[in-house]
Amino acid sequence: MERSPERVLDEYLVLTAQAGSRIALEELARRWTPRLLRHAQHLLGSAEEANDAVQETWLAVVRGIRRLSDAARFPAWLYSIATRKCADAIRGKARLRSFRRETSDDPTSAEALPDDRLDMRTALARLPSEQGLVMAMFYGADLSVEDIADALAIPAGTVKS
């Protein structure tokens with residue numbers, strides 16, 4: 001598999017960041033944050049929540065980059081962290097909605113009525129969570145089948161199906 005110059009640069013930056021370079025880590029963040037924000041916004045549906053999830057992602061990257069054994073796996077590793085942070089945010093929202101419903105006298109006050117328009121976010125939300133996640137990663141984040149398989153720890157054939 002031929003690697004693009006962009007991919008080689010990312011690998012170099014990862015290795016340099018693992019050696020302790022703050023500048024390399026900042027460059028990785030500059031290069032990858034816009035992609036992560038798009039991915040997180042696809043999953044969460046909110047720019048504010050996406051910003052929070054991406055910030056949490058970079059904190060985890062700073063803490064764990066030295067444990068990444070293969071710099072070539074950085075994109076999959078990064079997206080797996082971001083995806084977990086988004087899942088954490090979704091679980092937190094669900095707990096908050098549940099709490100609000102339990103403590104509210106008006107059962108319709110906790111959630112807005114659904115919108116009948118069909119858009120990409122709505123279509124993805126209607127898929128089972130694993131399928132929606134794969135679609136968002138493939139079409140929204142432009143990750144390869146192999147990178148998605150690595151990020152989700154599933155076989156490439158499962159990603160394709």
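The following paragraphs go through this structure from its overall make-up to its core, its aromatic rings and its surface.

The model is a predicted one. Its chain has 161 residues, and 33% of them are buried. The secondary structure consists of eight helices and zero strands, so the order of elements from the N terminus on reads α-α-α-α-α-α-α-α. Among contacts with a separation of 6 or more, 55% join residues that are 24 or more positions apart. The accessible surface of the chain is about 10400 Å², and carbon and sulfur atoms account for 54% of that area.

The interior comes next. The largest nonpolar core has 36 residues, and the members that touch the most other members are Leu 28, Trp 58, Val 61, Ile 65 and Phe 74. Two or more residues of this core come from each of α1 (5-18), α2 (22-44), α3 (47-64), α4 (74-103), α6 (129-140) and α7 (145-152). The element that gives the most is α4, with eight residues.

Leu 28 can serve as a way into this core. Leaving aside residues up to four places away in sequence, Leu 28 touches Asp 10, Leu 13, Val 14, Ala 17, Trp 58, Ile 65 and Phe 74. Three of these, Trp 58, Ile 65 and Phe 74, are named above among the core members that touch the most others. Phe 74 counts as buried because its relative accessibility is 0%.

Which aromatic rings are linked into a cluster by ring pairs? They are Trp 32, Phe 74, Trp 77 and Tyr 79. Across the whole structure, a search finds three aromatic pairs. One of them is formed by Trp 32 and Tyr 79, whose ring centres are 6.2 Å apart and whose planes stand at 80 degrees, an edge-to-face arrangement. This pair links distant parts of the chain, since Trp 32 belongs to helix α2 and Tyr 79 to helix α4, 47 residues apart. Both Trp 32 and Tyr 79 are buried. Phe 74 and Trp 77 make another pair, with centres 6.1 Å apart; their planes are at 45 degrees, so this pair is tilted. Phe 74 and Trp 77 both lie in helix α4 and are three residues apart, which means that about one helical turn separates them. Trp 77 has 18% relative accessibility and therefore counts as buried, the cut-off being under 20%.

A charged residue is also found among the buried ones. Glu 11 is part of helix α1, and it counts as buried because its relative accessibility is 12%. Apart from residues up to four places away in sequence, Glu 11 touches Arg 3, Ala 71 and Ala 72.

Further along the chain is helix α7, whose buried residues are Val 145, Asp 147, Ile 148, Ala 149 and Ala 151. After α7 comes Ala 153, which has a positive phi near 55 degrees.

The surface has a nonpolar part as well. Leu 127, Met 135, Phe 138 and Tyr 139 make a nonpolar surface patch of about 370 Å². Within this patch, Met 135 belongs to helix α6, one of the elements that also give two or more residues to the largest nonpolar core. Is Met 135 buried, partly exposed or exposed? Met 135 counts as partly exposed because its relative accessibility is 36%, and partly exposed covers the range between the 20% limit for buried and the 50% limit for exposed.

Note on methods. Residues are numbered from 1 along each chain as its sequence is written. This is a predicted model: local features need pLDDT of at least 70, side-chain atom pairs count only at pLDDT 80 or more; totals for chains, interfaces and linings use all residues. Side-chain values use heavy atoms; hydrogens and water are left out. A nonpolar core is a set of buried Ala, Val, Leu, Ile, Met, Phe, Trp, Tyr and Cys residues joined through side-chain atoms within 4.5 Å. Buried means under 20% relative accessible area, exposed over 50%, partly exposed in between (1.4 Å probe, protein chains only). Helices (H or I, at least four residues) and strands (E, at least two) are DSSP runs, numbered from the N terminus. Contact means heavy atoms within 4.5 Å. Patches are made of residues with over 30% relative accessible area and no salt bridge: like charges are joined within 9 Å, nonpolar side chains (Val, Leu, Ile, Met, Phe, Trp, Tyr) within 5 Å. Accessible areas come from the Shrake-Rupley method with a 1.4 Å probe; for residues, only the protein chains shown count as cover. A salt bridge is a side-chain nitrogen of Lys or Arg within 4 Å of a carboxyl oxygen of Asp or Glu. Rings of Phe, Tyr and Trp (its six-membered ring) pair if their centres lie within 6.5 Å; planes under 30 degrees apart count as stacked, over 60 as edge-to-face and the rest as tilted.
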